[in-house]
Number of protein chains: 2
Amino acid sequence: MVGTARQSPEGGKAQRVYLLLLDDILRGDHRVGETLPAESRLAQLHGVSRVTIRKAMDALESDGLVQRRAGAGTIVKSPVQPQPGIAADFGTLMPQLVQMGQETSARLLSFAYVAPPAAVARALGTTALVQRAVRVRSIEGAPFSHLTTHVPEALARNFSEPDLATTPLFRLLERSGVTVDHADQTISATLATPDVAEALDLASGSALIALTRVVYDSNGRGIEHLSALYRPDRFRLEMSLNRIGEDGARHWAPVLGPLTQSAAQ
Amino acid sequence: MVGTARQSPEGGKAQRVYLLLLDDILRGDHRVGETLPAESRLAQLHGVSRVTIRKAMDALESDGLVQRRAGAGTIVKSPVQPQPGIAADFGTLMPQLVQMGQETSARLLSFAYVAPPAAVARALGTTALVQRAVRVRSIEGAPFSHLTTHVPEALARNFSEPDLATTPLFRLLERSGVTVDHADQTISATLATPDVAEALDLASGSALIALTRVVYDSNGRGIEHLSALYRPDRFRLEMSLNRIGEDGARHWAPVLGPLTQSAAQ
DNA sequence: CACTATTTGTCCGTATGTATG
DNA sequence: TCATACATACGGACAAATAGT
């Protein structure tokens with residue numbers, strides 16, 4: 001199968017090149033049957049020797065993504081993404097699953113009360129203990145998101161480990177008497193550390209979509225800090241924009257989808 | 001200076017670890033003065049030898065990001081981002097600069113008519129020649145975005161290279177008689193290939209925010225394909241959400257900023 | 001003031017990966 | 001494709017510095 005269990009090189013330069021080429025191909029930058037640049041060309045582009053390019057190519061070929069023929073060159077075999085997996089409707093500005101005949105499942109990786117990392121402490125405005133829960137969300141057995149939530153201990157004491165498995169965090173917070181008011185989100189990109197790489201079944205050093213959300217109550221106090229990491233090949237953030245106004249200035253309006261349903265995370 | 005010209009290890013595992021640790025620190029996961037895990041601990045976490053961790057640490061130390069003392073451990077020196085550089089207001093659903101006392105400048109890297117890559121051909125619905133322009137956008141000399149635009153040749157023939165330097169692409173398109181109607185955006189993450197890495201002044205293999213936008217005219221024909229790559233440490237996509245509705249269902253409304261101003265790209 | 005545990009600093013021989021021709 | 005020379009990574013051991021007991 002293509003979408004899972006790739007056999008990337010061990011570590012070193014070969015893997016770095018492999019990941020870059022893999023990223024290019026999966027993104028669909030090359031047309032089907034298109035010949036990639038020659039190995040010597042790739043070698044100078046990436047600043048490595050041909051042997052290193054060759055190792056990366058070996059992995060790509062055994063992945064079934066490219067096909068090499070002496071004299072002809074290397075052609076892309078499976079350029080287009082088979083299934084984008086999950087497309088998140090971003091019209092709602094919340095990662096929200098659309099077209100979900102398939103169900104997602106969550107697995108709890110860890111659950112503990114810890115001292116908050118710097119970023120969390122800054123966001124929640126406290127250096128006191130926080131409850132940290134780490135989950136991995138999968139669709140049809142394929143993991144696509146790695147979620148780390150931090151909640152102040154004072155709030156989190158009202159619910160425990162089994163609650164998290166069954167009830168959305170929002171419900172639990174409201175049950176604690178908190179009034180969810182607003183949230184700030186930041187979207188970024190990051191590299192997969194070994195632990196999340198293992199959880200998401202990919203190579204350490206792969207690119208991940210990073211979404212950070214801080215939820216505040218009506219008093220402006222931070223009540224939840226979410227750090228979500230998504231596999232780009234299995235999860236996308238999409239949105240549509242309509243143009244409004246006729247003059248030279250750019251006026252865009254988001255196309256808002258239905259603002260309900262269960263957030264996918 | 002911290003924000004630029006880091007001296008990362010050559011290739012290999014050491015650089016991979018270096019990038020991962022750098023990513024962690026710049027993201028602010030560690031508090032100031034906090035001691036990092038011991039080298040031996042990091043070694044087993046990353047699945048490498050201690051010597052490799054040590055090389056990565058050497059680079060981080062000469063970057064001034066950490067400080068090592070024998071016996072004591074390694075502490076984070078400059079954990080917080082000095083200047084988040086550019087914060088893009090995402091309430092408008094378009095990367096749009098807010099609070100821009102500073103000016104950005106663009107540099108044209110390449111300009112040519114080429115056969116469209118697979119993804120572009122699919123989006124624009126044509127395999128005919130397209131005009132490709134590659135720009136790098138900087139703020140105060142620090143590059144933060146790498147932009148590649150593709151426009152069908154039929155439309156692009158009405159303007160040329162110098163036009164692109166002065167006039168926004170939207171104006172040029174409308175001058176060509178095109179009616180800009182709507183757009184689709186996708187946000188993802190990708191790895192920096194050597195060419196964009198050099199243009200953005202970072203190490204090959206770094207994580208980048210990838211934003212793809214396809215603009216359509218009123219006939220539903222694709223008229224522009226934008227592939228934007230952003231340095232996460234100098235560009236962020238932010239948004240605010242307000243909660244509406246009181247019941248258990250999650251209802252969120254984006255806080256829409258003023259939908260004008262010049263798009264930053 | 002020792003004593004201990006831990007962590008960085010330094011060295012080694014060996015194995016593997018990479019560059020070059 | 002191969003063989004050789006070089007660079008890097010590995011695992012271990014030991015010393016020096018630090019912090020706490």
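Two strands pair if DSSP finds at least two bridges between them. Keep that rule in mind for this tour of a predicted model, which opens with a set of paired strands in chain B.

**Stop 1: strand S5 of chain B**

Select residues 130-139 of chain B, which form strand S5, and notice that this strand is mostly covered, since seven of its 10 residues are buried. Now add residues 104-114 of chain B, which are strand S4: 10 bridges join S4(B) to S5(B), and the two run antiparallel. If you want a particular place to look, show B:Tyr113 and find B:Gln131, the residue of S5(B) that stands opposite.

Next add strand S6 of chain B, residues 142-152, which is joined to S5(B) by 10 bridges and is again antiparallel to it. Here B:Ala133 can be found opposite B:Thr149 of S6(B). Which residue in the turn between S5(B) and S6(B) has a positive phi? The two strands form a hairpin with two residues between them, and in that turn B:Glu140 has a positive phi of about 55 degrees.

**Stop 2: helix H1 of chain B**

Select residues 12-26 of chain B, the 15 residues of helix H1, and place a distance line between the C-alpha atoms at the two ends. The ends are 21 Å apart, which agrees with the span of 21 Å that 15 residues should have at 1.5 Å a residue.

Is this helix enclosed or open? Because 12 of the 15 residues of H1(B) are buried, the helix is largely enclosed by the rest of the structure. Among the buried residues you can colour B:Val17, B:Tyr18, B:Leu19 and B:Leu20, and also B:Lys13, B:Arg16 and B:Asp23. To see what they pack against, show H2, H3 (50-62), S2 and S8 (207-217) of chain B, and then cross to chain A for its H1 and its strand S7 (180-191). Just after H1(B), stop at B:Gly28, which takes a positive phi of about 80 degrees.

**Stop 3: helix H1 of chain A**

Move to helix H1 of chain A, residues 12-27, and repeat the exercise. H1(A) has 16 residues and reaches 23 Å from its first C-alpha to its last, close to the 22 Å expected at 1.5 Å a residue. H1(A) is mostly covered, with 13 of its 16 residues buried, and it is followed by A:Gly28, whose phi is positive, near 80 degrees.

**Stop 4: the two DNA strands**

Select DNA strand C and the 19 residues around it, of which A:Gly12, A:Ser49, A:Thr52, B:Ala38 and B:Glu39 come nearest. The elements that give two or more residues to this surface are H1 (12-27) and H3 (50-62) of chain A, together with helix H2 (39-46) and strand S2 (73-76) of chain B. The largest share, four residues, comes from H3(A). If you colour the surface near DNA strand C by class, you will find five nonpolar, seven polar and seven charged residues.

Turn next to DNA strand D, which is surrounded by 13 residues, the closest being B:Gly12, B:Ala14, B:Ser49, B:Thr52 and B:Gly71. H1 and H3 of chain B each supply at least two residues of this surface, and by class the surface near DNA strand D has five nonpolar, four polar and four charged residues.

**Stop 5: A:His225**

Return to chain A and select A:His225, which lies in strand S9, residues 222-230. A:His225 is buried, with 24 other C-beta atoms within 10 Å, and the cut-off for that word is 20 or more. Leaving aside neighbours within four places in sequence, A:His225 is in contact with A:Val120, A:Ala123, A:Leu124, A:Thr149, A:His150 and A:Val214. A:Val214 is 11 residues away along the chain, and yet its C-alpha atom is separated from that of A:His225 by 4.6 Å.

**Stop 6: chain A as a whole**

Show all of chain A, which has eight helices and 11 strands, and in which buried residues make up 45% of the 265 residues. Among its contacts between residues at least 6 apart in sequence, 61% join residues at least 24 apart.

Finally, colour chain A by pLDDT, whose mean is 80, with 79% of residues reaching 70 or more. Confidence is lowest in strand S3 (residues 86-89), at a mean of 57, and highest in helix H8 (residues 194-199), at 95. Over residues 90-96 of chain A the pLDDT is below 50, although this stretch has 31 contacts in the model beyond near neighbours in sequence. Where pLDDT is low, the predicted coordinates should not be read in detail.

Note on methods
Residues are numbered from 1 along each chain as its sequence is written. Chains are lettered from A and ligands numbered from 1 in the order in which they are written. This is a predicted model: local features need pLDDT of at least 70, side-chain atom pairs count only at pLDDT 80 or more; totals for chains, interfaces and linings use all residues. A residue is near a molecule or strand if its C-beta atom, placed from the backbone, lies within 6 Å of it. Ala, Val, Leu, Ile, Met, Phe, Trp, Tyr, Cys and Pro count as nonpolar, Asp, Glu, Lys and Arg as charged, and the others, Gly among them, as polar. The expected span of a helix is 1.5 Å times one less than its number of residues. Two residues are in contact if their C-beta atoms, placed from the backbone, lie within 7 Å. pLDDT is the predictor's confidence in each residue, from 0 to 100.
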